[in-house]
Structures are given as C-alpha cells and as structure tokens.
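Take a look at the model below before reading on. Keep it open, and find each part as the text names it.

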Amino acid sequence: LPSEKSTSGGATNGLEEQLRALQQDLDAEELDLFKSVLDIERKKLHMKRPRGVPLEIEEEIKRVIK
Amino acid sequence: VKLVSLKMTNFRQFAGEQTLRFASDDQRNITVIFGANGAGKTTILNAFVWTLFGEFTPDLEHPERLINDSVWAEAKSGEIVEASCDVAFEHAGCFYSASRKVEARAGADEPQTVDPSGTLTLMIRDASGETLPSHNPKDVIDQILPHRLHQFFFFNGERIERLAQESAFEEIEEATKTLLGLEVLERAERHLDKAAISFEKELAVVGSDEARGIASELESAREQQGKLRDEKEEAAREEKGCDELRIAVEEELRSLEGAKVLQDRRDDLERELSRSRDRVKQLRQERNGQLARRGFQALLGSLGADVEKRIGDLESSGELPAPYKESFIDDLLQKGECICGAPLESGESGYEQVVAYREKAGAGETEQALIAIKTHAGYVDSQRLETNRVVMDLTQQLGESSASVAQCEERLSEISRELSGLPSEEIGRLEARHRELVEKGKEAAAKRSKAVHEFERCGERLKDLEKELAAVEARDERAALAQSRATVARRLSSLAASIYGLFQESVRSRLDEKIKETFRSISYKEREPELNERFELRLWDTSGNKKIASIKSTGENQILSLSFVGGLASLAREFEQEGEGSTAVDSLLRGQGGIYPVVVDAAFGNLDSDYRQDVARALPRLAPQAVILVSKAQASGEVLSELKDFIGAAYSITYYTTKADEDDDVTFDGRSYPYRRSITDGLERAEVCRLDESPTSK
C-alpha cells in the first residue's frame, strides 16, 4: 500500500515499515479488498448522510470471497 | 484555496453592495481591513463563515437580523427584502463562486426574524472555461474547505486563545483527524465491523451448534458494548456540560465587584492545582517506570554484598583460584604417572588419591565466571541502593505534590466558603450553583471512568469470542463461506484500526513539531509548546533546569493557539504537496491536506505591544493568504511597520453614525481615509473603502 517515495515527514520511512508489517498477514486478495473498501468510503466521505455504505462493503466482500 | 473576493449585499451593517478583493500575491499575501468597534469587522468574518458553512462565530449577536436594519426599516409592508453574500475563490485550477441568500417579507414595524440558514448556490468554472452550477454545493465546499476545520482558519483572534483550554482538546483531535483524512479509516473500521456482524448473523443461522452458541454470545456482548459506549459518551457530555456551565458561572462571578478578587484567586489556585496534578501524574509515571525497569533489584536484598563477601572469603582462604586445574589431574590419570614419578593404576591407592584431588580442582570456566560475578555483585548492590534512593526521592516529591494538591483543594473550599458568606444574595446563589456543578462534574468523571473501563473489558471479551468463532469448524459450505467472510471483514476492520492508530500518532508528532516551529518564530520567551499524545495543547517553561508547566497569560494562550493554527496550516500544505502525484490509495492514507487561507478578526486584541509585533511578524508566514480585520488602535505603528511589505490590499470600513461630531480618519501609507463619519440622514450603515482610492487627504 504505501508508496516508496520519501517525504519531508522524516519519520515517514519508519511509518511505511510499520504499515508493511501490519499488512504482511494479508494476502493479495485481501489487500485489494481493503483498497476497494477505502475507495468506497472515500467516495462517500463528503456526503452528509451516506446511505448503504455497510451494505456496499458487504457486497464487495461477497464478490471477492466466493 | 485562494480567496478572490467577497461581495456583501444588504448584509448586517452593510447597506447596498460592498465588495472586497483580496491580496493573494506570494510576496504580498495580506489584506488588512480597518474598522472601528461595531463597524462590521466581525460581520465580514461572519460573511465568510455564513456563506461557506451556513454558520456564525459565537460572538455574532442576533443572527436572525441578517438583513441590513435600515433597508428593513425602509421596506414597505409586504415587500420581499433580501441579504446575500458571495465568496469567490480559486482551487485546483477551478473558479468557485459561493453565494448564500436570505429573504423575508417585511411587515409594518415588525422586527426582523429571518431563518439564518438561507439558500446556498455554488457556480464552478472549470479549466475549460465552462461555468456550471453544483448540484451538491455543501458537499463540494466541505471537500475543499472541510467544515471541521473552518474554526481554525476563520476566527476571532481574541477568542482563539480558548484552543489552549481543556474544553478545546477534542476539537483539536477532530481537526487533526480531518486533516489527515483519518475519517476514511474510521468509517471503514466501523462499516467493516457491521459487515462482519451481518456475516456472523448468517453463521448463527446456518452454522454448527457450537458456532451458533458463540455467535449468539457475540451478539449479546456487542449489544452490551453498545450500551457501554452510549454510557461513556453520555457521561463525557455531562462532564463537558458541567465544565462549560461552571466556567460561565465563574465568568459571572468575575464580573461582580464583590466576588472578583476571590474568583481571581480561585483562577490562580485552579491553575496551581492543575500544575500540581500534572506533576503528580508525571511523578507517578516516572516512579512506575523506575519500578518496572529496576524494581526487581529490591528483591535481591543483600545478595550482591553476600556474594562479593563469599567470593572474597574463598580468595582469602586460598580456595580461589584453586591451586591446580581439572585438566592437570586428567592429564596425570591419562598418562598413568604421578608428578612424583609413581605409576598410577586404576584400583590402586595412589590412583584413588589423585582422583580424589580432582574433586577439589578448579574448573577454568567456573573460576572466570566467579571473578566476573564478584565484579558484578558489587555493581548490582550499588545499583540497588541507587534505585532505592531514586524511588525514595520520587516518593518524597510525590508526597509533596500530593500535599500541594490537597492544600489547593482545601484553599479552594475556603474560597467557596468565603464567597458563600458574602452578603450579596446574587454571589451566594452563583457560588451554590458553582459547588453543585463541581460535584456533578466529579460524579460524571467517575461515571465516565467506570464506563471506559467496562467498555475496554467488554472489547477484550469480544475479541476472544471472535477468535473462538473463527476457530470453530464450519459444518457445511454455506457456513464456511459466511465464516470466512466474517473473518476477512474482522481482519480488515482491525487493519483499518491499526493504520488509524499509526497515522494518528504520526500526524500528531509532525503537528507538534510544526507548532513548536511557529511558536519559536513568535515568542521571545523561553517556552516550549507541546501537543501531547492526548491531543492536549500545553505550554512548558524551559527557562530553568527543569521543564515545568508555564503559567499562561491570555496573551500567551493567544500566541499558543495561533501557533497551533500556523502549525495546522503548514502541515496541511505539506500533506497537499505529498499527495500530489501519488495514487488514490496513497493519498487516502496520506491525508487530504490543503492550502488554506486565514481570516482573523481582532488578531492583536489582547496582546501587549511586544507580542503584537511578534504576531505581526508571524502572520504573513501563518498561511499563504491572510485577511486581517483590525481596529485602528490594534494596528498601531509597530504592527503596520512589520506588515507593510506584505500588505497587498487594504480597506477601511467607513461607519456612518447618527451621533454628531464623530468624524475620524485612518492613516495608511501616509494618507488619511474615512474611518467614521457623522451623518444626518438617519441611516446608520457601513461601507468599505479601498485604501489606495479616494483618500481624504495626502
């Protein structure tokens, strides 16, 4: 998930290592699913009362885990 | 975001149409607007907040009177009268024009009561030059200028000091969350949990007896957790409510002649109490740390000294080092000859004697180890004594600080008794209310702590049950599928929570650095701000050998809060730059960031002249664009001389008053402009005047 580029944050490299460690137990399919979930959330973030997000996520999980 | 212009039409003090254009040049990024008290500075700040967010700052009085009073008074009965504001801004290559309007039908001599929410429209001109209306203007604006952040970028300088107070820490945490885009992860965690629950419910229907049992246990534990969450939130709200009411009562007491001195003393004591409590907390943490790292030494007793003595005794008696080594005896036995030349044969007395010597011989490794132990034994003992001294010292300090807490509490009770004993009924009533609120606040705090503890325990139980459920073998294909979906949802929810924690800490520490940087560029005192792990904004006095909590004046609170705003704006810019060119997921995890302008009313309100100059020096660097609303007195010589190279646009709000002989001018760049004018037409109003046009004199 994290990009390789370094940033002005200084501590960002350490952060990326920790992020990688968090993700190492997940397989590629699960990681893709996680990205999809974040995309769904991002699209609905600025809606005041987003409807059906849990359902949409549920459908996405069903689509991937068959 | 770059502010381009603000147009106000019949809005509050401003009759007719008034337009301001803002400086946005990289070098000259400041727009200064001069205005007398009541002329309309706060109205201009609110024109932004109202147009963009449909809200007002807390210091705006009578928000139901948005239409200019003179226009309202002159309207014929039944006539529709309106007021509106238009904010034009640029963002990411597009031009936006946000407009909010209210209208009301005038009635004969009826006071004005309009619904202040008004109607918002947003026109967007994209890079192709096409202008189209937005169908969801509120969402679009929220995406560009997050609602949660507006109070940090559109604010009253005199009131911004509240950010340094405890009641604002939650807002600070929320703002940081928005800045980083953590809401996405927060929601993902919540929604993945819901999805997991749904799959677990399915499993409860189609799974084995064991799975069904665990799933139903899970369901009731979750219900219990929901109740506990409500309880802790309710208690937190109650606690906050009590605090706010208590602060309001204290404010009232401060305004009463007879109670002012005692209330001021109480304020000092409250600060001292807070410092002593912080000190107790810090000392406890320090002592716990010492005990966790070195506490085992206490269990060693005099072991170190005993070992040292025993080895010393062995050395004195010549047993250590041993006169001969095991390997020497083994060699003799192997050769079958003693050093005296006598043969050594198994079963004979000489042989047996030499074997017996072997028992007394020293092993090289053991002796080396004993020598090393002797060296360490002395060190262990001195360390034990040192730890003992440090812990005793901390305990003594803890005792002193605890005594200081008790003393402060006792003196606070005395003040409360003194206030209650004053002859004024009003003071007595307020003090009784104060006592009641303090007690209620304490009860709410205790209730919250209990609920938090139980909530955490329930969370642990839930995790265990989830693990148990994942371990149960599925009965058939359908159950297996529901189970793996539930497991995946749980794993991803937990990943979202972990990344959330990681990012929150990362952004907090970066923001802490930015605040320190900004503060250093403003304040000349030896103080260090800190945004700690609990998102509390603190100020430390670093002038002595030890870092102690600083006694903050209103001015210092203001500087601290401005440093927070500057730090936030600077970090937002960094996030924006880091986000450029990264993939969608990267930018999601990196936070949204943004380039935000600041609009500050009364930026120098409570500050003395030194601080004013420092803030003036910091303002051009606080944000890429700043609009500053000041009275003539606030923007005295040193302020303008600091700002002069950065001012790209300047305005005066000319206030037309019906009071006679009130004419006054503001001088800018060597010229005078109308600041206040007495009029005889009876229509009090304000107008804006650009300060490079129509001077009253040169």
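This report goes through the two chains, then some strands, a helix pair and a few single residues.

**The two chains**

The model is predicted, not determined by experiment. Start with chain A. Its secondary structure consists of three helices and zero strands. Read from the N terminus, the order of elements is α-α-α. Chain B holds 18 helices and 17 strands.

The table sets out like values for each chain.

| Chain | Residues | Buried residues | Exposed area | Share of that area from carbon and sulfur atoms |
|---|---|---|---|---|
| Chain A | 66 residues | 42% | about 3900 Å² | 47% |
| Chain B | 698 residues | 46% | about 34800 Å² | 48% |

Contacts tell another part of the story. Take the contacts in chain A with a separation of 6 or more. Of these, 29% come from residues 24 or more positions apart. In chain B, the contacts between residues at least 6 apart in sequence include 70% that join residues at least 24 apart.

**A strand with three partners listed**

Turn to strand S14 of chain B, residues 647-657. Is S14(B) enclosed by the rest of the structure, or open? Ten of its eleven residues are buried, so S14(B) is largely enclosed. A residue counts as buried when its relative accessible area is under 20%.

Now follow its pairings. Strand S3 of chain B, residues 30-34, runs parallel to S14(B), and five bridges join them. There, B:Ile30 has B:Ile647 as its bridge partner. Strand S17 of chain B, residues 685-690, runs antiparallel to S14(B), with six bridges. In that pair, B:Tyr655 is matched with B:Ala686. Strand S16 of chain B, residues 671-678, pairs with S14(B) in the parallel sense over three bridges. Here the bridge partner of B:Thr657 is B:Ser678.

**A strand with two faces**

Next comes strand S6 of chain B, residues 119-125. In a regular strand, side chains alternate between the two faces of the sheet. Which residues of S6(B) make up the covered face? They are B:Leu120, B:Leu122 and B:Ile124. The uncovered face has B:Thr119, B:Thr121, B:Met123 and B:Arg125.

S6(B) also has neighbors. Strand S5 of chain B, residues 94-105, pairs with S6(B) in the antiparallel sense over seven bridges. B:Arg100 is found opposite B:Leu120 of S6(B). Strand S7 of chain B, residues 131-133, is antiparallel to S6(B) as well, and three bridges join the two. B:Met123 sits opposite B:Pro133 of S7(B). S6(B) and S7(B) form a hairpin, with five residues between them. In the turn, B:Gly129 has a positive phi of about 95°.

**Two helices that cross**

Two packed helices are described by the angle and the distance between their axes. Look at helix H14 of chain B, residues 477-522, and helix H17 of chain B, residues 609-622. Their axes come within 8 Å and cross at roughly 140°. This makes H14(B) oblique to H17(B). H14(B) brings B:Thr518, B:Ser521 and B:Ile522 to the contact. H17(B) brings B:Asp614, B:Val615, B:Ala618, B:Arg621 and B:Leu622. By type, the residues of this contact are four nonpolar, two polar and two charged.

**Single residues to find**

Most residues other than glycine have a negative phi. B:Arg12 is not a glycine, yet its phi is positive, about 50°. It lies in the loop between strand S1 (2-11) and strand S2 (14-21) of chain B. Is B:Arg12 buried or exposed? B:Arg12 counts as buried, because its relative accessibility is 15%.

B:Asp661 also has a positive phi, near 55°, and is a residue other than glycine. Its place is the loop between S14 and strand S15 (664-668) of chain B. B:Asp661 counts as exposed, because its relative accessibility is 76%.

Last, find B:Ser449 in helix H13 of chain B, residues 425-471. B:Ser449 is partly exposed, with a relative accessible area of 43%. How far apart in space are B:Ser449 and B:Lys232? From C-alpha to C-alpha they are 7.8 Å apart, though 217 residues separate them in sequence.

How values were computed: Residues numbered from 1 in each chain as written. Chains lettered and ligands numbered in written order. Predicted model: local features only at pLDDT ≥ 70, side-chain atom pairs only at ≥ 80, totals over all residues. Heavy atoms only, no water. Axes fitted to C-alpha atoms, helices over the stretch in contact; angles between N-to-C directions. Helix = DSSP H or I, 4+ residues; strand = E, 2+ residues; numbered from the N terminus. Parallel < 35°, antiparallel > 145°, perpendicular 65-115°, else oblique. Contact = heavy atoms within 4.5 Å. Nonpolar A, V, L, I, M, F, W, Y, C, P; charged D, E, K, R; others polar. Buried < 20%, exposed > 50% of the residue type's maximum accessible area, 1.4 Å probe, protein only. Areas by Shrake-Rupley, 256 points an atom, 1.4 Å probe, with all protein chains shown as cover. Pairing = 2+ DSSP bridges.
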